[in-house]
Amino acid sequence: MKPISKKLSLSLFFLFAAVLFCVAPAGTAYAEKPYVSCSPKEIHPIYWKATIRGNVRVKIKETKQYVTIDHGTEVIVTKYQVKGKNTVMLKDGRHFNVSAGNLNIYDDACTPGDFKRSTKTAFVNSRSLKSKTDWMIWVSTDRQSLNVFRGYNHHWTLVKRFNCSTGMANWSTPLGRKTVRHKFQSVYSEQFESTLYYFLEFGGSGIHKWPGPNARDGIGKKPCSHACVRVYKRPAIWLYKHIPVGTLLYVY
């Protein structure tokens, strides 16, 4: 029996790789690493990185004592809002509240990678997430991922996962339960002089294809939108086609 030629071996390898690519579920990204398994209680929204602006006098939550935090101190903002008080954590684990005016927020705050399918399913089914349709979307601001489920409250099954980009610090995507209220194939934004395609509107913001030339620089990697949820073209088309009005959108 003649040995298989090197040329034939390469051909068989690429044929096998092509078959694997074709049978892989469209829209998923579980081959990307790192992906982790953890308790649903460990999942949290995006924690912004920041430094303190100016010397500020604050009350430490754990000890109830007042201390001065020096200008330039690095902190983690676990609850951020442009107006009002923000919950901030020091490197040693102590927490305090401070106004947004005393924070220099960084936009590269999300955690690289994504959660395993089983972790995502356990998370959404541990919460009360009722949708008016048999679809539900969870946008993870921490992992910059958009996850599509089918089923009903406490019985959701993950069917799709897409990279996304949520709002920058001063344009952060509002957390909580939203509803897809309208669908538009295109919407023109006078504020940003851009046409937004395959727009699923929820409370003034929306999921849409980002038309900018540098979309690939941020989607799935960091928050870079103006409160909307940006996705690539193929996911945007899929969502526009399959997600009905009335679907619950959970931003967390």
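This report looks at one open sheet and the two helices packed on it, in a predicted model.

Start with the sheet. Five strands line up as β12-β11-β10-β18-β13, with mixed pairing, and the sheet is open. Its edges are β12 (155-163) and β13 (176-179), each of which pairs on one side only. If you ignore direction, neighbouring strands are turned by 25° against each other on average.

At the β13 edge, the partner is β18 (residues 248-251): the two run antiparallel and share 4 bridges. One pair to click on is K178, whose bridge partner in β18 is L249.

Now for the helices. Both α2 and α3 pack on this sheet, and here is how they sit:

| Helix | Residues | Strands touched | Angle with β12 |
|---|---|---|---|
| α2 | 117-125 | β10 (135-140), β11 (145-152), β12, β18 | about 125° |
| α3 | 233-242 | β10, β11, β12 | about 145° |

Let's zoom in on α3. Which of its residues are buried? They are P235, A236, W238 and L239. These four sit on the same side of α3, because they cover an arc of only 165° around the axis. That fits the usual helix geometry: with 3.6 residues a turn, positions three or four places apart point the same way.

Flip to the face of α3 turned away from that buried side and you'll find the exposed residues R234 and K241. As for what covers the buried ones, the list includes the sheet strands β10, β11 and β12, along with β15 (194-202), β16 (205-209) and β17 (229-231).

Terms used:
Residues are numbered from 1 along each chain as its sequence is written. This is a predicted model: local features need pLDDT of at least 70, side-chain atom pairs count only at pLDDT 80 or more; totals for chains, interfaces and linings use all residues. Side-chain values use heavy atoms; hydrogens and water are left out. Two strands pair if DSSP finds at least two bridges between them. Axes are lines fitted to C-alpha atoms, for helices over the stretch in contact, and angles run from 0 to 180 degrees between N-to-C directions. Contact means heavy atoms within 4.5 Å. Buried means under 20% relative accessible area, exposed over 50%, partly exposed in between (1.4 Å probe, protein chains only). The arc is that of the directions from the helix axis to the C-beta atoms.
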